[in-house]
Amino acid sequence: MNNPLTKDFKSKFGLPPFEEIKPKHYLPAFKKAIADHKTEIELILKNKEKPTFRNTINALENAGSLLSKVSRVFFNVLSADSSDELQKIAAKVTPLLSKHRVSISLNVSLFKKVKKVYESNEELNDEQQRLVKITYDNFMLNGSGLDSKKRALLKKINQKKTLIFIKKKCFFSRWRPI
């Protein structure tokens, strides 16, 4: 399928081509974006070099650009011009995003890499130090520092919470992996 959401937006200001985007484009775009993001995360995990700001934190920060783009478009349209059709799509997308987010935020191997950068003596400027701290703190706040039993419980709680949000049609308007 020719999907305008998965292409570069070529308009004057990089605006989405709203006239071309149809509801049928959203779910396939989300699925592709999630798959792309998983691949980007796998590349970070497979990197055998010592974890550094560049190959871990910066790579994480730059991963998921298509997912961010698709999410921004969809949730803004959902908020501004909702319909039953878009609500149904949101009900399908929300559990996918939640599961994907949890797969990143509770990924022990990824957290270990982030923690190594956080605890390293790597020389970083103030902005880089701040990003390392924010990334580490986000992982901790999302449960990465928990033992395996508590992480499993947190996953179950997150799944239940997602189901409640879907039933109440409370959809998140911003994608953020961690």
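Is threonine 56 buried or exposed, and what is its relative accessible area? Select the residue in this predicted model and look. Threonine 56 is buried, because its relative accessible area is 0% and buried means under 20%.

**Stop 1: helix H2**

Threonine 56 is found in helix H2, so colour residues 53-62 to bring up that helix. Now show what surrounds the threonine. Leaving aside neighbours within four places in sequence, threonine 56 is in contact with Ile44, Pro51, Lys113, Val114 and Val117.

Next, add the other buried residues of this helix. Phe53, Asn55, Ile57 and Leu60 are buried in H2, along with Thr56. The buried residues of H2 pack against H1, H5 and H6. Before leaving, select glycine 64, just after H2. Glycine 64 takes a positive phi of about 85°.

**Stop 2: helices H5 and H6**

Two packed helices are described by the angle between their axes and the distance between the axes. Select H5, residues 108-119, and H6, residues 126-141. The axes of H5 and H6 come within 10 Å and cross at roughly 140°. That angle makes H5 oblique to H6, because the roughly antiparallel class holds angles over 145 degrees. The crossing of H5 and H6 is left-handed.

Show the side chains where the two helices meet. On the H5 side, the contact is made by Leu110, Phe111, Val114, Lys115, Val117 and Tyr118. On the H6 side, Val132, Lys133, Thr135, Tyr136, Phe139 and Met140 take part. Val114 and Val117 have already come up, as contacts of threonine 56.

**Stop 3: aromatic pairs**

How many aromatic pairs does a search of the whole structure find? The search finds 7 aromatic pairs. A pair of aromatic rings is described by the distance of the centres and the angle of the planes.

Begin with phenylalanine 30 and phenylalanine 74, whose ring centres are 5.6 Å apart. Their planes stand at 85°, so the pair is edge-to-face. This pair links distant parts of the chain: phenylalanine 30 is in helix H1 and phenylalanine 74 is in helix H3 (residues 65-80), 44 residues apart. Both phenylalanine 30 and phenylalanine 74 are buried.

Go back to the H5 and H6 contact for another pair, phenylalanine 111 and tyrosine 136. Their ring centres are 5.8 Å apart and their planes are at 25°, so the pair is stacked. Phenylalanine 111 in H5 and tyrosine 136 in H6 are 25 residues apart, and this pair too links distant parts of the chain. Phenylalanine 111 is buried, with a relative accessible area of 8%. Tyrosine 136 is buried as well, with a relative accessible area of 12%.

Now select Tyr26, Phe30, Phe74 and Phe75 together; these residues form one aromatic cluster.

**Stop 4: a charge over a ring**

Select lysine 69 and phenylalanine 9. The charged end of lysine 69 sits over the ring of phenylalanine 9, 4.2 Å from the ring centre.

**Stop 5: asparagine 2**

Where is asparagine 2 placed? Asparagine 2 is in the segment before helix H1 (23-46). Asparagine 2 is exposed, because its relative accessible area is 55% and exposed means over 50%. Leaving aside neighbours within four places in sequence, asparagine 2 is in contact with Lys7 and His25.

To finish, set a distance between the C-alpha atoms of asparagine 2 and lysine 46. These atoms are separated by 32 Å, and the two residues are 44 residues apart along the chain.

Technical notes. Residues numbered from 1 in each chain as written. Predicted model: local features only at pLDDT ≥ 70, side-chain atom pairs only at ≥ 80, totals over all residues. Heavy atoms only, no water. Helix = DSSP H or I, 4+ residues; strand = E, 2+ residues; numbered from the N terminus. Buried < 20%, exposed > 50% of the residue type's maximum accessible area, 1.4 Å probe, protein only. Contact = heavy atoms within 4.5 Å. Phe/Tyr/Trp six-rings, centres within 6.5 Å; stacked < 30°, edge-to-face > 60°. Lys NZ or Arg CZ within 6 Å of the ring centre and 35° of its normal. Axes fitted to C-alpha atoms, helices over the stretch in contact; angles between N-to-C directions. Parallel < 35°, antiparallel > 145°, perpendicular 65-115°, else oblique. Left-handed = near helix turned anticlockwise from the far one by under 90°.
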